[in-house]
Amino acid sequence: GDTLDDYLRTDGVWLLTRNKEFYKTNNEKECAEKCEAERNFTCRAFLFTRKKLQCLTLAENAKMTVMFTSTDAVLYEKRIYLLECKRGIGTDYRGTEAKTRRGIPCQKWAEKIPHKPNYTPEKYPNAGLEANYCRNPDGDESGPWCYTTDPATRFDYCNIPECEDQCMQCNGEDYHGEVSRTESGLECQHWDAQEPHMHGFTQRHYPEKDLKMNYCRNPDGELRPWCFTNSPNKRWEYCNIPRCSTRPPVSGLGSQCLSGKGEDYRGRIAITESGNACQHWDTQFPHKHGWIPDRYPCKGLEENYCRNPDGEKKPWCYTTNSSVRWEYCTIPPCDRTEQGIAGMNNVPVQVPLTEECYRGKGQSYRGTVSITASGRKCQAWNSMVPHRHIKTPDRFPDADLRDNYCRNPDDDSSPWCFTTDPNTIWEYCSLKRCDDHTQE
């Protein structure tokens, strides 16, 4: 394939980086060849300017340094260095995990203390033995490992999740692989085509679902990824994508209160708003249903607790009352005061006003605006689609990275967000600076 297929392209951005080399090239492909041949450092990305035809090979990518707008530039990042997951046994893993599965920091590959290594950057120049990152230079069947900084433990394996383009977690809602045949071998119809089957699943209607080419996807919460087929006799079919052997990383314990639609609610309320007890999810009496816990392993369908597995407006459950199939549950909102929770049935919920302005650089902004200055919708902070990033709620616990609200976790000049537009990584938000006197 084309050399550029190994790179992720982003138009109109520039990276601030010290370690770079300048070259004169005629096009992006020639610049990619300079990156592949770079010997002064490990080339993770390159910048190409269209007007000057200038090529800059870079030691860093957008995960590692600051990015800003530059109209004439195009950034190409090597995909392999953006992946924080492994394919197979992970011999090509080039992520930045640097501790063992037990949490012990890794020893740098170039150092000899506390352990004298057999595998060094000099002996294995193509194995990616940089810094103290987990690697698999010897093709170990158990995956990436490192020498540890604990004198009593020479080496240990690292906990690297499997890439979901090879397998699927949960029900494959986040599957972004390139399988494009159904389980019976039929070729998939392109999502942007309306023949042989007309449908509404288009990139325009579902911009966050990565409906590219004719790849299998799960945009509607089905059991697993599927596609429309190129056979006029078969409208759609599931795809045969293996389930990942490692469990998905657990993001906290789930919310104990209502945030948004409550899809992450994992509390223990098991009674509906009219007072009916909830039916256990793993039973089919008194109501038969399809929400079977084994089929939907990541929806939290435990016991008979209220849940929202299907994107309803709030958590619900089937009831033990044979004449009432299902009902919503009353879950206390996360932004309610303790006093409000205590008098839950009597005190009206105070809905916080949306803050439309920010003070200073906006690091204290806690409003709910989620639209950028150009009108694009913000990507949720805990999502990696369409843009992978490290600005996650667990890494920035004090920045209030809730839902997809505009925030300023990194001391930028004003609140911003990643966008749901695959071609625009991030933008500042549609917010004004507060006028202190007006605010008073």
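## Overall make-up

Of the 440 residues in the protein, 43% are buried, and the model that shows this arrangement is a predicted one. Along the principal axes, the C-alpha atoms fill a box of roughly 70 × 65 × 60 Å, while the accessible surface of the protein comes to about 24,500 Å², with 48% of that area belonging to carbon and sulfur atoms.

The secondary structure consists of three helices and 15 strands. Among the contacts in the protein with a separation of 6 or more, 60% are made by residues that stand 24 or more positions apart. The protein carries 59 positive and 65 negative charges, and the mean positions of these two sets are 2 Å apart.

## Domains and recorded spans

The protein is divided into domain 1, covering residues 7-81, domain 2, covering 251-333, and domain 3, covering 356-433. Taken over C-alpha atoms, the centres of domain 2 and domain 3 are separated by 31 Å.

An unreviewed UniProt entry lists "domain: Kringle" for residues 84-163, 166-244, 256-334 and 356-434. In the span 84-163, the chain is 0% helix and 8% strand, and its end C-alpha atoms lie 8 Å apart. For residues 256-334, the end C-alpha atoms are 8 Å apart, with 0% helix and 8% strand over the span.

## Methionine 213

Methionine 213 is found in the loop that runs between β7 (155-157) and β8 (226-228). Its relative accessibility is 48%, and methionine 213 therefore counts as partly exposed, a class that lies between the limits of 20% and 50%.

When neighbours within four places in sequence are left aside, methionine 213 is in contact with His190 and Trp191. Aspartate 192 is 21 residues from methionine 213 in sequence, and the distance between these two residues in space, C-alpha to C-alpha, is 7.6 Å.

## Histidine 389

Histidine 389 lies in the loop between β12 (357-358) and β13 (416-418). Because its relative accessibility is 9%, histidine 389 counts as buried, a term that applies under 20%.

Not counting residues up to four places away in sequence, histidine 389 touches Gln379, Ala380, Trp381, Ser383, Met384 and Phe418. A further pairing links distant parts of the sequence, since histidine 389 and lysine 63 are 326 residues apart along the chain and 6.5 Å apart in space, C-alpha to C-alpha.

Note on methods:
Residues numbered from 1 in each chain as written. Predicted model: local features only at pLDDT ≥ 70, side-chain atom pairs only at ≥ 80, totals over all residues. Heavy atoms only, no water. UniProt positions renumbered as here; feature names shortened; annotations may be inferred. Helix = DSSP H or I, 4+ residues; strand = E, 2+ residues; numbered from the N terminus. Domains from an automatic or database assignment. Buried < 20%, exposed > 50% of the residue type's maximum accessible area, 1.4 Å probe, protein only. Contact = heavy atoms within 4.5 Å. Areas by Shrake-Rupley, 256 points an atom, 1.4 Å probe, with all protein chains shown as cover. Lys, Arg positive; Asp, Glu negative; His and termini not counted. Charge placed at Lys NZ, Arg CZ, Asp CG, Glu CD.
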